[in-house]
Number of protein chains: 2
Amino acid sequence: MKYSKATDYALHTMLFLTAATPQKPMGVQQLAERQSVSPTYLSKILTKLVKAGMIESTTGVNGGYRLKRDWENISFLDIIHAIEGTASLFDCSFEHGPDCPIQKVVLAAEEKMEEQLRNQKMSDLVRNLNIVN
Amino acid sequence: MKYSKATDYALHTMLFLTAATPQKPMGVQQLAERQSVSPTYLSKILTKLVKAGMIESTTGVNGGYRLKRDWENISFLDIIHAIEGTASLFDCSFEHGPDCPIQKVVLAAEEKMEEQLRNQKMSDLVRNLNIVN
DNA sequence: TCAATTACGGACTTCATGTATCTATAATAG
DNA sequence: CTATTATAGATACATGAAGTCCGTAATTGA
Ligand code: SF4
Ligand code: SF4
């Protein structure tokens, strides 16, 4: 069980964009180089973030990706859910109702993790930042 | 990102074994039927639990699987680690040292989840149990 | 208007892993 | 000795991740 590399790319891209806080959009070319990943593939990933409403894109010359309003409240969980989906870590095919003991335990643990990821905002991270790749 | 079905099978098998607390071992045949899974496949999974020291197996007639001493302290995390391995959810190829911001956040969240899973023992679960498949 | 730039989308390939089966072997009870 | 049961290897199959290719649309600037 692992987070996908796509999630890795998405997190780093959001870190870069948040650290930059530019007026000008950042091109996928530039973002891809810093992560040693193909631009077209990264573009696919970033489109998910666009659809999730976290960033916006502009085509054409000098286009690229830029944070949207409310960017200060974007959490790790938001980004992860946008890429990985919101399905839970554990789902069995049977349905033993609310008395199911196993599912209850695992999902409670997952919720603890998500709580942490929800409380950590990208913008908090950028404040005390010295290295950004 | 999901837990494998093998983990599902392992958790349920441990639940069954813990609920039974038998002197006689339970055969894989019986265990497999209750989960609608092939016996040989389940056997492979249970062998991992044997190697991890949680259960013991006896071959031959009336053989099967049985809990080992200290079974009361087996946690969800023990079982999950035995099947999924202990690698962390997130590992990037770069090495930015202890100042790495992203890894720090994700691993801290993972630790919260593991803490929950570590505190939940199978034996606790069995006490207030009415349905076991 | 035209050409360069940039994101978007679909189809596709490749690869790793999970899932599962089959079969042969070894050990044990009766 | 025979039936039973776990173990291990080889193999097959399905699924999803990771990545490429290419055509399309939109926008800027000359
Ligand atoms: S006990 Fe829970 S996890 Fe297990 S089969 Fe029933 S519903 Fe599923
Ligand atoms: S910032 Fe952390 S997670 Fe990102 S590339 Fe550096 S070491 Fe890896």
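A base oxygen of DNA strand C sits 2.8 Å from a side-chain N or O atom of A:Lys44, and that is where these exercises start. The model is predicted, so to speak of local features we need pLDDT of at least 70, and side-chain atom pairs count only at pLDDT 80 or more, while totals for chains, interfaces and linings use all residues. Residues are numbered from 1 along each chain as its sequence is written, chains are lettered from A and ligands numbered from 1 in the order in which they are written, and side-chain values use heavy atoms, with hydrogens and water left out.

**Exercise 1. Work out which residues and elements line DNA strand C.**

Step 1: take the residues near the strand, meaning those with a heavy atom within 4 Å of it. There are 26 around DNA strand C, and the closest are A:Lys44, A:Ser57, A:Tyr65, B:Lys5 and B:Ser38.

Step 2: look for polar contacts, pairs of N or O atoms within 3.5 Å (within protein, one must be able to donate a hydrogen and the other to accept it, and residues adjacent in sequence count only if both atoms are side-chain atoms). Besides A:Lys44 and its base oxygen, a side-chain N or O atom of A:Lys51 is 3.3 Å from a phosphate oxygen. From the other chain, B:Lys5 brings a backbone N or O atom to 2.7 Å from a phosphate oxygen.

Step 3: assign elements, using DSSP runs numbered from the N terminus (helices are H or I, at least four residues; strands are E, at least two). Chain A offers α3, β1 (55-58) and β2 (64-67), chain B offers α1 and α3, and each supplies at least two residues of this surface.

**Exercise 2. Describe how DNA strand D meets the protein.**

Step 1: of the 26 residues around DNA strand D, A:Ser38, B:Val28, B:Lys44, B:Ser57 and B:Tyr65 come nearest.

Step 2: check the DNA side. Sugar or phosphate accounts for 67% of the strand D atoms within 4 Å of the protein, and bases for the rest.

Step 3: go through the pairs. A polar side-chain atom of B:Tyr65 is 2.3 Å from a phosphate oxygen, and a polar backbone atom of B:Val28 is 2.8 Å from a phosphate oxygen. B:Gly60 uses a backbone N or O atom, 3.1 Å from a sugar or linking oxygen.

Step 4: α3(B) gives the most to this surface, with 4 residues.

**Exercise 3. Take apart the contact between chain B and chain A.**

Step 1: count residues, with contact meaning heavy atoms within 4.5 Å. Each side puts in residues: 35 from chain B and 35 from chain A.

Step 2: get the buried area, which is the accessible area (1.4 Å probe) that two parts lose on being put together, summed over both. Here that is about 3,600 Å², with 74% from carbon and sulfur atoms. B:Met1, B:Lys2 and B:Ile102 supply 19% of what chain B buries against chain A, more than any other three residues.

Step 3: find salt bridges (a side-chain nitrogen of Lys or Arg within 4 Å of a carboxyl oxygen of Asp or Glu). The interface has 2, one of them between A:Asp91 and B:Lys2 at 3.7 Å, N to O.

Step 4: α5(B) provides the largest share of chain B's side, 10 residues.

**Exercise 4. Decide which chains surround ligand 2.**

Step 1: list the shell, which is A:His12, B:Phe90, B:Cys92, B:Phe94, B:His96, B:Cys100 and B:Pro101.

Step 2: read off the chains. Residues from chains A and B surround ligand 2, so the site is shared between chains.
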